[in-house]
Amino acid sequence: MKTWVQMAAVTAGMTALMSCDQQTHAVVDTPPSGFADLSGGKYDDKDFSEWMTKADQQMIYDKRAEGTYFAYTEGRSNGGLHQYRHVLKEIPKETTSEWGVYWGLDSKEFFQVDLKLQKSGFKRESLQVFEDGDGAAYHQAVWLKAK
């Protein structure tokens with residue numbers, strides 16, 4: 001059975017493991033056991049797109065309506081296939097000057113992107129990590145830059 005690692009800084013970078021078939025996203029005040037992300041639990045399963053390949057998600061990203069962004073994105077390993085899904089929202093123009101999103105980054109790539117964006121004044125809004133069957137971690141994150 002494949003394992004999932006979801007991590008974030010809801011509470012000091014809490015990390016949890018759960019099986020692929022147990023993964024849930026629920027609207028909660030306190031994340032349930034095995035669930036952690038920087039979204040604060042504000043997204044329900046119905047808010048997400050369908051699961052898709054990395055390339056399919058890139059196609060959706062490229063064709064999204066002007067003024068929208070991926071407010072959250074997550075990944076999983078499903079039978080050896082990496083899949084991704086996202087929550088599409090309007091950009092909070094009153095508070096945000098720029099934003100960035102990446103998915104499917106290995107640990108080294110994530111470190112480089114995260115460091116560069118944080119040094120440029122971006123704040124990481126969400127971080128979700130999954131582990132594939134070989135134990136490699138893949139990171140999905142969203143950063144916002146305040147006005």
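**Entry: Trp-99**

I started at Trp-99 and listed its contacts, leaving aside neighbours within four places in sequence. The list reads Tyr-61, Arg-64, Thr-68, Tyr-69, Phe-70, Ile-91, Phe-122, Trp-143 and Leu-144. I note here that the model is predicted. Next I checked accessibility. Trp-99 has 17% relative accessibility, so I count Trp-99 as buried, the limit being under 20%.

**Entry: aromatic pairs**

I then went through the rings. The structure holds eleven aromatic pairs. One of them is Tyr-61 with Trp-99, and I logged the pair as edge-to-face. The centres are 6.0 Å apart and the planes stand at 65°. Tyr-61 sits in helix H1 and Trp-99 in strand S5, so I looked up the separation along the chain: 38 residues. The pair links distant parts of the chain.

Is Tyr-61 buried or exposed? Neither label fits: Tyr-61 is partly exposed, at a relative accessible area of 22%.

I followed Tyr-61 to a second ring, that of Trp-103. The centres are again listed at 6.0 Å and the planes at 65°, so this pair is edge-to-face as well. Trp-103 is in strand S5, 42 residues from Tyr-61 in helix H1. This pair, too, links distant parts of the chain. Trp-103 counts as buried, with 6% relative accessibility.

I traced the ring pairs further. They link Tyr-61, Tyr-69, Phe-70, Trp-99 and Trp-103 into a cluster.

**Entry: nonpolar cores**

I looked up the largest nonpolar core, which has 16 residues. Which of its members touch the most others? They are Tyr-43, Tyr-69, Trp-99 and Val-101. I then asked which elements supply two or more residues. Strand S3 (68-78), strand S4 (81-90), S5 and S7 do. S3 gives the most, four residues.

Another core lies apart from this one. I counted nine residues in it, among them Phe-110, Leu-127, Val-129 and Ala-141. A general remark for the margin: in soluble globular proteins, nonpolar side chains tend to be buried together.

**Entry: the S5-S7-S6 sheet**

I turned to the strands. S5, S7 and S6 form an open sheet in the order S5-S7-S6, with antiparallel pairing. The edge strands are S5 (96-105) and S6 (123-131), each pairing on one side only. On average, neighbouring strands are turned by 5° against each other, direction ignored.

How many bridges join S5 and S7? I found seven, in the antiparallel sense, with S7 spanning residues 137-146. I picked out two positions. Tyr-102 has Ala-141 in S7 as its bridge partner. Val-101 stands opposite Val-142 in S7. I recall that in a regular strand the side chains alternate between the two faces of the sheet.

I also checked how covered S5 is. Seven of its ten residues are buried, so I noted S5 as mostly covered.

Helix H2 (residues 107-119) came next. H2 lies across S5, S6 and S7. It runs at about 10° to S7.

**Entry: Gln-128**

I looked for a polar residue in the sheet and took Gln-128, which is in strand S6. Its relative accessibility is 0%, so Gln-128 counts as buried. What does its side chain reach? It reaches the backbone nitrogen of Gly-75, at 2.7 Å. I found a polar contact to another side chain too: Gln-128 and Gln-140 are joined at 2.7 Å.

**Entry: Met-52**

Last, I went to a loop. Met-52 is in the loop between strand S2 (15-19) and helix H1 (54-63). I checked whether being in a loop leaves Met-52 buried or exposed. Met-52 counts as buried, at 14% relative accessibility.

I listed the contacts of Met-52, again leaving aside neighbours within four places in sequence. They are Gln-57, Ile-60, His-82, Gln-83, Tyr-84 and His-86. I took His-86 for a distance check. Met-52 and His-86 are 34 residues apart along the chain. Their C-alpha atoms are separated by 9.6 Å.

Conventions
Residues numbered from 1 in each chain as written. Predicted model: local features only at pLDDT ≥ 70, side-chain atom pairs only at ≥ 80, totals over all residues. Heavy atoms only, no water. Pairing = 2+ DSSP bridges. Axes fitted to C-alpha atoms, helices over the stretch in contact; angles between N-to-C directions. Contact = heavy atoms within 4.5 Å. Buried < 20%, exposed > 50% of the residue type's maximum accessible area, 1.4 Å probe, protein only. Polar contact = N/O pair within 3.5 Å; in protein donor to acceptor, adjacent residues only side chain to side chain. Core = buried A, V, L, I, M, F, W, Y, C linked by side-chain atoms within 4.5 Å. Phe/Tyr/Trp six-rings, centres within 6.5 Å; stacked < 30°, edge-to-face > 60°.
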